Amino acid sequence: MARKKRYLTATMPDGYVKTIGPTAAPFTHYWRIVAHLHSGKTEVFWGHATSAKDAASKEVLTEQAARRHGWKRFEFEVVELTEH
């Protein structure tokens with residue numbers, strides 16, 4: 001039997017709302033990286049994970065990416081997804 005399709009919503013602290021779906025994947029958390037470049041521009045990277053631990057593990061990789069790509073600074077945020 002096919003899994004029920006769900007719509008998931010992530011609401012970031014700055015008010016940004018991201019809707020994911022329809023999906024049958026067991027996502028529970030959403031992560032977002034806002035990279036500030038030396039040119040003054042920003043780049044945004046995002047994704048979803050099946051646990052808080054999995055989402056938080058992306059922060060170490062983000063620190064490595066910041067050094068490799070020469071980002072001036074970055075913000076890394078994780079929020080829990082809600083189903084609607």
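**View 1. Contacts of H29 in the predicted model.** In this predicted model, H29 touches G47, H48, A49, S51, A52, A55, V78, V79, E80 and L81, leaving aside residues up to four places away in sequence. H29 sits in strand β3. Its relative accessibility is 13%. Buried means under 20%, so H29 counts as buried. Two polar features involve the H29 side chain. One is a polar contact of 2.8 Å with the side chain of T28. In the other, the H29 side chain reaches the backbone nitrogen of A52 at 3.4 Å. A52 is also among the residues that H29 touches.

**View 2. The largest nonpolar core.** Ten residues make up this core, and they are listed here in sequence order: W31, I33, A35, L37, A49, A55, A65, A66, W71 and F76. Two elements, β3 (29-36) and α2 (58-69), each supply at least two of its residues. The most comes from β3, with 3 residues. Apart from this core lies another, of 8 residues. Its members include A10, M12, F27 and V79. V79 is also one of the residues touched by H29. A49 and A55, both in the largest core, are likewise touched by H29.

**View 3. Helix α2 and its two sides.** The helix α2 has 12 residues. From its first C-alpha to its last it reaches 16 Å, close to the 16 Å expected at 1.5 Å a residue. Buried residues in α2 include T62, A65 and A66. They cover an arc of only 105° around the axis, which puts them on the same side of α2. On the other side, R67 and R68 are exposed. The cover over the buried residues of α2 includes β3 and β5 (73-80). A65 and A66 both belong to the largest nonpolar core.

**View 4. The end of α2 and the residues after it.** G70 follows α2. The phi of G70 is positive, near 70°. A65 touches G70 and W71, leaving aside residues up to four places away in sequence. Both A65 and W71 are members of the largest nonpolar core.

**View 5. The open sheet β2-β1-β6.** Three strands form an open sheet in the order β2-β1-β6. The pairing is antiparallel. The edge strands are β2 (17-23) and β6 (82-83), and each pairs on one side only. Strand β1 covers residues 6-11. It pairs with β2 in the antiparallel sense over 5 bridges. Within this part of the sheet, L8 stands opposite I20 in β2.

**View 6. The whole chain, for orientation.** The protein has 2 helices and 6 strands. From the N terminus on, the elements run β-β-β-β-α-α-β-β. Along its principal axes, the C-alpha trace spans about 50 × 25 × 15 Å. Of the 84 residues, 33% count as buried. Contacts between residues at least 6 apart in sequence were also surveyed, and 45% of them join residues at least 24 apart.

Technical notes. Residues are numbered from 1 along each chain as its sequence is written. This is a predicted model: local features need pLDDT of at least 70, side-chain atom pairs count only at pLDDT 80 or more; totals for chains, interfaces and linings use all residues. Side-chain values use heavy atoms; hydrogens and water are left out. A nonpolar core is a set of buried Ala, Val, Leu, Ile, Met, Phe, Trp, Tyr and Cys residues joined through side-chain atoms within 4.5 Å. Buried means under 20% relative accessible area, exposed over 50%, partly exposed in between (1.4 Å probe, protein chains only). Helices (H or I, at least four residues) and strands (E, at least two) are DSSP runs, numbered from the N terminus. Contact means heavy atoms within 4.5 Å. Two strands pair if DSSP finds at least two bridges between them. A polar contact is a pair of N or O atoms within 3.5 Å; within protein, one must be able to donate a hydrogen and the other to accept it, and residues adjacent in sequence count only if both atoms are side-chain atoms. The expected span of a helix is 1.5 Å times one less than its number of residues. The arc is that of the directions from the helix axis to the C-beta atoms.
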